[in-house]
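Hi there,

Here is the model I promised to pass on to you. Please open it alongside this note, and then read on for what turned up.

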2 protein chains.
Amino acid sequence: MGEHGSEHASSNTHGNGNGRREVTVSDVAAAARVSKATAARALGDYGAVSDSVRERVQRAAEELGYRANALARTMTTGRSNTIGIVVGDIENPFFAQATRGAADIADTAGFDLILSNSDEETESEAKAIGVQLAKRVDGLLVAPASSVDIRNLRTIVDAGRPLVLFDRVAEGIEADAVIAANRTGARKLTGLLTSAGHRRIAFISTLLHTDGYRSGEVLGSSSVAERVAGFTTTLAEAGIPRPEAWVRLNARADGVERAAVELITGPDAATAVVASDSRIALAVFRAARSVGLRIPEDLSLVAFDDADWTGLTTPSITVMSQPIHEIGAEAARLLVRRIRGDGGPFVTKVLDQRLIERESVAPPRL
Amino acid sequence: MGEHGSEHASSNTHGNGNGRREVTVSDVAAAARVSKATAARALGDYGAVSDSVRERVQRAAEELGYRANALARTMTTGRSNTIGIVVGDIENPFFAQATRGAADIADTAGFDLILSNSDEETESEAKAIGVQLAKRVDGLLVAPASSVDIRNLRTIVDAGRPLVLFDRVAEGIEADAVIAANRTGARKLTGLLTSAGHRRIAFISTLLHTDGYRSGEVLGSSSVAERVAGFTTTLAEAGIPRPEAWVRLNARADGVERAAVELITGPDAATAVVASDSRIALAVFRAARSVGLRIPEDLSLVAFDDADWTGLTTPSITVMSQPIHEIGAEAARLLVRRIRGDGGPFVTKVLDQRLIERESVAPPRL
DNA sequence: CTGAAAGCGCTAACAC
DNA sequence: GTGTTAGCGCTTTCAG
């Protein structure tokens, strides 16, 4: 292992504190015996420079180890070539995939990504957005912590930065959005269960929500709201009374597995569950096992998101697959277009979900 | 949906291209009837300002909607409060978790994260590092695409930026590192298999490597190298000839599942597999199923990383759990310390792995 | 095609 | 405590 910090004294006032002064255009210009402006033109690849001079400058830059200061460039051009992305939690496979989708498009278009986790809380979301705006990102991609409280989003729009929402929409904000057809997906998924004869079906989501869900209430996340709508509608159509009583939100605070156990045991136990994402499905699977319920004989289970392992369990799980990668990618595409100055009307792209029927659904026991 | 782009004409030369001029300290200073310096002191929370003036300035800032320009601040202070992180692929749960661990520490310390995917290729890694350096990140966290070719890492050190490696180390580079005790982990995992009586055991990794593995060869990733070392040593100790013949690298290019099928079928088929990560374990699981092999009766399987689903399959999978979150977090801690000027000798932190025995190991068939 | 000069928004020296 | 001035590294007029 080496030694560190011996040369910590700084000779220049500014700089990165490691004692080395960065090579600048001026340095390169001097070495190449041209003006700063000319060197900058050659280095920045803009304006007009004669081939001979360009070559001379580039050689000098090479020798001196010149590396452009993107910040200084941003100061004068106003473009940072950076976009901010705010997700609920990068550890959540949904966000990890969407982020990758966005990163690929961004990268191709020459943009870097500043990543922030909101933990689905508007407060930390506000902080993240504040910092990203301060860093003058060219635009933002956000999966809003709330579809209802749009103040954070308004901050972005007011700051004049292009904004594209993904996974969730928000009413009343001037922004594009990319979401999945959650209501339709929920209907299909739930329909599988009612068709099989289930009448006591629970919907489980980790969405934070005060108190229990009551019909007509506005939910914080539009995607969950859509799923709930599709779910309750399907139940109602099947003649099941009080569908909203089967909607279980807030499952995170209480522990998803525990919430699941409550729902699938007792006299009025659900005989089937719709899990709002793959992590919830996992918890339900575990819960069923812990209370000795077999899937699908004793409990049917369907879920959103085709996580790679859902095809591996015994039984494998029937899921509604979302084009997660594409959600992120398309959001990034829209954003890049806006940054480049596209002034068309705002659009909300709705991507289809795809049902993958596997083995986790069976008729209820009598 | 609203309308966009009607007001695209820009009145100022610079700016973000949306026609709005950002509010600056000067504006605030004028409004508060103080000098720019005083306003800046009040806004930036440094230097000395009287309470009355501070309040006046802050009110003015509020009214004008002032938002500090972090870039300009970086220009003069040399600190960007941003750290770069380069991972193989954010979609890989390992990197997603490590990134979250790093993000939490960074956030607490007041740093933002610029995220890049290298796809484990030194070329795109170089590009990512180049951009991050240009953006003057205060330091970098990187899971190097190569532990051998250290040119990209040298670029960082030469640029005078603190660097902390995670998951993999690299010889000859002045940087801290945080890794897991992979060799020991591999020994334990493999030992489980030899103890059960297996003699044809395959190790599968997606690490890119030209041609087959030969003993003593240097591998691109130090963590895989360590695992291979632990694996072959254990085989050798069990008296198994030519252990290196059982090391299968490059499994990505050929398709992991396909590689697995090749290894577990045929006359010389392996009776047990050590999967170098949870995604490989998943492919092996699938492969076994596709060729009609039961786990653990026909094939034993152990893997690195305690992915959440590994306890759910039938049978559940015996794994070597890594403190992934902590790897990222500790790396970030070390980096922040360096950025703050810690000049101690470079350290390599080695975190323990933990064996979780489940149901996927049994004696081989006769 | 090249150069000189101004300026992006901020902080750091240095006066007062 | 407060103001003045200079300057970070770059791009952009504007001249020539």
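**What I found at the DNA and beyond**

In this predicted model, a polar side-chain atom of A:Tyr66 sits 2.5 Å from a phosphate oxygen of DNA strand D. A:Tyr66 is also among the closest of the 28 residues that surround this strand, along with A:Val25, A:Lys36, A:Arg73 and B:Thr38. Two other phosphate contacts to strand D are worth a click. The side chain of A:Tyr46 has an N or O atom 3.5 Å from a phosphate oxygen, while B:Ser35 brings a polar backbone atom to 2.8 Å from one.

Which part of DNA strand D lies within 4 Å of the protein, backbone or bases? Of the strand's atoms within that distance, 66% belong to sugar or phosphate, and the rest belong to bases. On the protein side, helices α2 (36–44) and α4 (70–77) of chain A and α2 (36–44) and α4 (70–77) of chain B each supply at least two residues of the surface near strand D. The largest share, five residues, comes from α4(A). By class, this surface has 14 nonpolar, ten polar and four charged residues.

**The other strand**

DNA strand C is surrounded by 30 residues, and the closest are A:Arg41, B:Val25, B:Lys36, B:Tyr66 and B:Arg73. Sugar and phosphate make up 68% of the strand C atoms that come within 4 Å of the protein.

Three contacts give a good feel for this side. An N or O atom in the side chain of A:Arg41 is 2.6 Å from a base nitrogen of strand C. B:Val25 uses a polar backbone atom, 2.5 Å from a phosphate oxygen of the strand. The side chain of B:Tyr66 also has an N or O atom 2.5 Å from a phosphate oxygen of strand C. The elements giving two or more residues to the surface near this strand are α2 and α4 of chain A, together with α2 and α4 of chain B. Here α4(B) gives the most, with five residues. The residues of this surface divide into 14 nonpolar, eleven polar and five charged.

**How the two chains relate**

Chain A superposes on chain B by a rotation of 180 degrees with 0.0 Å of shift along the axis, at an RMSD of 0.1 Å. That is the relation of a two-fold axis. The same surface serves both copies, as 100% of the contact residues of chain A recur in chain B.

For a look at where the chains touch, try B:Arg286, which lies in helix α12 (residues 278–290) of chain B. B:Arg286 touches A:Asp308 and A:Leu312 as well as B:Glu257, leaving aside residues up to four places away in sequence. Its relative accessible area is 33%, so B:Arg286 counts as partly exposed.

**Two helices to look at**

The chain A helix α12 (residues 278–290) has 13 residues, which at 1.5 Å a residue should span 18 Å; the end C-alpha atoms are 18 Å apart, so the two agree. At its start, a side-chain oxygen of A:Asp277 reaches to within 2.8 Å of the backbone nitrogen of A:Arg279. Just after the helix, A:Gly292 takes a positive phi of about 75 degrees. The buried residues of α12(A), including A:Ile280, A:Leu282, A:Val284 and A:Phe285, pack against β6 (201–204), α11 (256–264), β8 (272–275) and β9 (300–304) of chain A.

In chain B, have a look at α13 (residues 324–339). Its 16 residues should span 22 Å at 1.5 Å a residue, and the end C-alpha atoms are 23 Å apart, which agrees. Among its buried residues are B:Ile324, B:Ile327, B:Leu334, B:Leu335 and B:Val336. The buried residues of α13(B) pack against a mix of elements of chain B, including β1 (82–87), α5 (93–108) and β11 (348–351). B:Gly341 follows the helix, with a positive phi near 105 degrees.

**One loop residue**

Is A:Asn250, in the loop between β7 (247–248) and α10 (251–254) of chain A, buried or exposed? A:Asn250 counts as buried because its relative accessibility is 18%, and the cut-off is under 20%. Leaving out residues up to four places away in sequence, A:Asn250 touches A:Ser205, A:Thr206, A:Leu207, A:Leu208, A:His209, A:Thr210 and A:Asp211.

Happy browsing!

Methods:
Residues numbered from 1 in each chain as written. Chains lettered and ligands numbered in written order. Predicted model: local features only at pLDDT ≥ 70, side-chain atom pairs only at ≥ 80, totals over all residues. Heavy atoms only, no water. Near = heavy atom within 4 Å. Polar contact = N/O pair within 3.5 Å; in protein donor to acceptor, adjacent residues only side chain to side chain. Helix = DSSP H or I, 4+ residues; strand = E, 2+ residues; numbered from the N terminus. Nonpolar A, V, L, I, M, F, W, Y, C, P; charged D, E, K, R; others polar. Expected span 1.5 Å × (residues − 1). Buried < 20%, exposed > 50% of the residue type's maximum accessible area, 1.4 Å probe, protein only. Contact = heavy atoms within 4.5 Å. Least-squares fit on C-alpha atoms with pLDDT ≥ 70 in both.
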